[in-house]
Structures are given as structure tokens and as C-alpha cells.
Amino acid sequence: MRWLAAMLLALCIAGTIGSACAADKPDTTRILLTFGGHGFEEPPFFAMFDALPGIEYTKAEMPKDAGLLKPGLQKEYDAVVMYDMVGGITSDQQQAFVELLKQGIGVVSLHHNLGAHRDWDEFTKIIGGKFVFGDVVLEGKPYKTSTWSHDELLKVHVADAAHPITQGIRDFEIHDESYGGFYTASDVHVLLTTDHPKNAPNIAWTKTYGNSRVFHLMLGHDSKAWANPNYPKLLEQGIRWVAGK
Ligand SMILES: [Zn+2]
């Protein structure tokens, strides 16, 4: 059967039979990586993803590529990693995204994604939090516009050391942007916290939405944060957890 394997590999390299290639690499986790709506240091950001072992990504620029977020995407990708901060997508795209999540795909939401889809209430339920713009009441509590501050030193506490995402992570310090006064839903499972005065207490959490596992990591403004070894470790373990791997 060696000839068959060789032939499959050749077709794989030629890009002829994508599905057989994926079957050949069962350990590979495939992610759709969204960006757009907020500037960032692109080369070091994508270099970090290049270095994640066993994780292959495809870039999706939002809102241009928002139409990809629809049922069927879970056959091509194990998870969507969202680093975009788009103002909004169409109501048809919103419905398709919700239907995809009801069917099931992993979701990792990073940093300024907390402020994406600011006028779409369901997105707050999907990721379990919101960077607030303007006066709003959430779960009966009033919020004002959230704040941010660059180049802060955040002391991060591991609130759940038994979770797969926090394996090998101990309390650490990170040079990153702080977000103050944002909303975290009461039903999320908190993994990381901080007592930094300019940051809301929750740094990372998990939840489920539909048949999808969701992980939000508030950290990750720029290469100073990504260079912290805890960051790619949390990212990798988060991607594997939401993907069910
Ligand atoms: Zn930022």
C-alpha cells in the first residue's frame, strides 16, 4: 500500500484532494482567523500563528469575508479565531453565524474582538462579554463606556488551574493594554483574573453557545504581549479546547 500513500501525498501537495490531506493529518487543527476593523502589528501577529504547532490557519478579512461564517464551515475548520473589531455585519450574516454556532464550531475571541459588533446584542451572548460603548444596562447593572490604557503591567492570576486551557500556566505578569469597566456575563467560567485598577477583573473565560465551545482572552494588544510565552500557550490550548481536541 506504500504506492497509495505516496500517490495521496503527491495529490495532497498538488492541492488536488484537500479532504484526503486533512484525513492524512488528523492531528492538524484548522482555524479561520478573522481580522479587520482595528489596526495591529500584522507580521509578528501572523508569525505567532505560524509557530503554533499543528495549527493551520486561513485569514479572513472582516467584514468583507463575513459570508464565510455560515453552516458548513465546521466541515472545513475546527475553530474560528476572531481578532477583528468590525462595527457590524448584515442581519443575514448574523443569522448564518448563529446557525453555524448552533450546529457547532470552536470559537476563540481575542482582545479587541470584545468590542466588535457593538450594536448586535446576540454577539455579547456568543462571547460572554462586551467592551461597552455608551450607557447601557446589562443584567440589570448600568455600564458606561469602557476604558483602555496602553503599556500597562498586568498581574494575571490563574483562577482555574485545572482547566485544559490553563495547563502549565501559573500566575504571571504581562505587558499589555488594559481594558477597564467592560461587561462579563454572569454565566461564564472564569479562567484568569487581575486586580489591576485600570482593568475589569476578568481576563479570560469560557462558555458554550449552541453546540460551540467559546474561549475569550482579553489580552493581546501587540507584540509585547504576544512575546510573553504564556500568550501563545494560552492561545494554542484555547484553540485545542474549543476544537474539542
Ligand atoms: Zn488593543
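**Figure 1. Phe45 and Phe49 share helix α3 in this predicted model.** Welcome to the first close-up, set in helix α3 (residues 42–50), where Phe45 and Phe49 sit 4 residues apart, about one turn of the helix. Both side chains belong to buried residues: Phe45 has a relative accessible area of 1%, and Phe49 has a relative accessibility of 0%. How many aromatic pairs does the structure hold? There are 19. Phe45 and Phe49 make up one of them, a tilted pair with 5.0 Å centre to centre and 55 degrees between the planes.

**Figure 2. An aromatic cluster includes Phe45, Phe46 and Phe49.** Widening the view brings in the other members of the cluster, namely Phe35, Phe40, Tyr57, Tyr83 and Trp226. Look also for Lys59, which lies over the face of Phe46 at 4.0 Å from the ring centre.

**Figure 3. Phe182 and Trp205 form a tilted aromatic pair.** Their ring centres are 6.2 Å apart, with 35 degrees between the planes. This pair links distant parts of the chain, 23 residues apart: Phe182 comes from the loop between β9 and β10 (183–184), while Trp205 comes from strand β12 (residues 202–209). Are these two residues buried or exposed? Phe182 counts as buried at 5% relative accessibility, and Trp205 is buried with a relative accessible area of 0%.

**Figure 4. His111, Glu177 and His221 coordinate the zinc ion.** Which atoms reach the metal? The donors are NE2 of His111, OE of Glu177 and ND1 of His221, at 1.9 to 2.1 Å. Along the chain, these donors follow the spacing H-x65-E-x43-H. Glu177 lies in strand β9 (residues 172–180) and His221 in the loop between β13 (212–217) and α7 (223–226), so this pair ties together parts that are 44 residues apart in sequence. Glu177 is buried, with a relative accessible area of 5%. His221 has a relative accessible area of 17% and is buried because the cut-off is under 20%.

**Figure 5. The loop between β4 and α6 holds Asn113 and His117.** Strand β4 spans 106–110 and helix α6 spans 121–127. Asn113 counts as buried at 0% relative accessibility. Leaving aside residues up to four places away in sequence, Asn113 touches Met82, Asp84, Phe123 and Ile127. Further along the loop, take a moment over the backbone of His117, which has a positive phi of about 50 degrees although it is not a glycine. His117 is buried too, with a relative accessible area of 2%.

**Figure 6. Arg118 meets an aromatic ring.** Here the charged end of Arg118 sits over the ring of Phe133. The distance to the ring centre is 3.7 Å.

**Figure 7. Two backbone details, at Pro63 and Asp151.** Where is the cis peptide bond of this view? This bond runs from Met62 to Pro63, with omega near 0 degrees. Pro63 lies in the loop between β2 (55–61) and α4 (73–76). The other residue to look at, Asp151, has a positive phi of about 55 degrees although it is not a glycine. Asp151 is placed in strand β8 (residues 147–158) and is partly exposed, with a relative accessible area of 46%.

Methods:
Residues are numbered from 1 along each chain as its sequence is written. This is a predicted model: local features need pLDDT of at least 70, side-chain atom pairs count only at pLDDT 80 or more; totals for chains, interfaces and linings use all residues. Side-chain values use heavy atoms; hydrogens and water are left out. Donors are N, O and S atoms within 2.8 Å of the metal (3.2 Å for Na, K and Ca); water is not among the atoms, so sites may look incomplete. Helices (H or I, at least four residues) and strands (E, at least two) are DSSP runs, numbered from the N terminus. Buried means under 20% relative accessible area, exposed over 50%, partly exposed in between (1.4 Å probe, protein chains only). Contact means heavy atoms within 4.5 Å. Rings of Phe, Tyr and Trp (its six-membered ring) pair if their centres lie within 6.5 Å; planes under 30 degrees apart count as stacked, over 60 as edge-to-face and the rest as tilted. A charge sits over a ring if NZ of Lys or CZ of Arg is within 6 Å of the ring centre and within 35 degrees of the ring normal.
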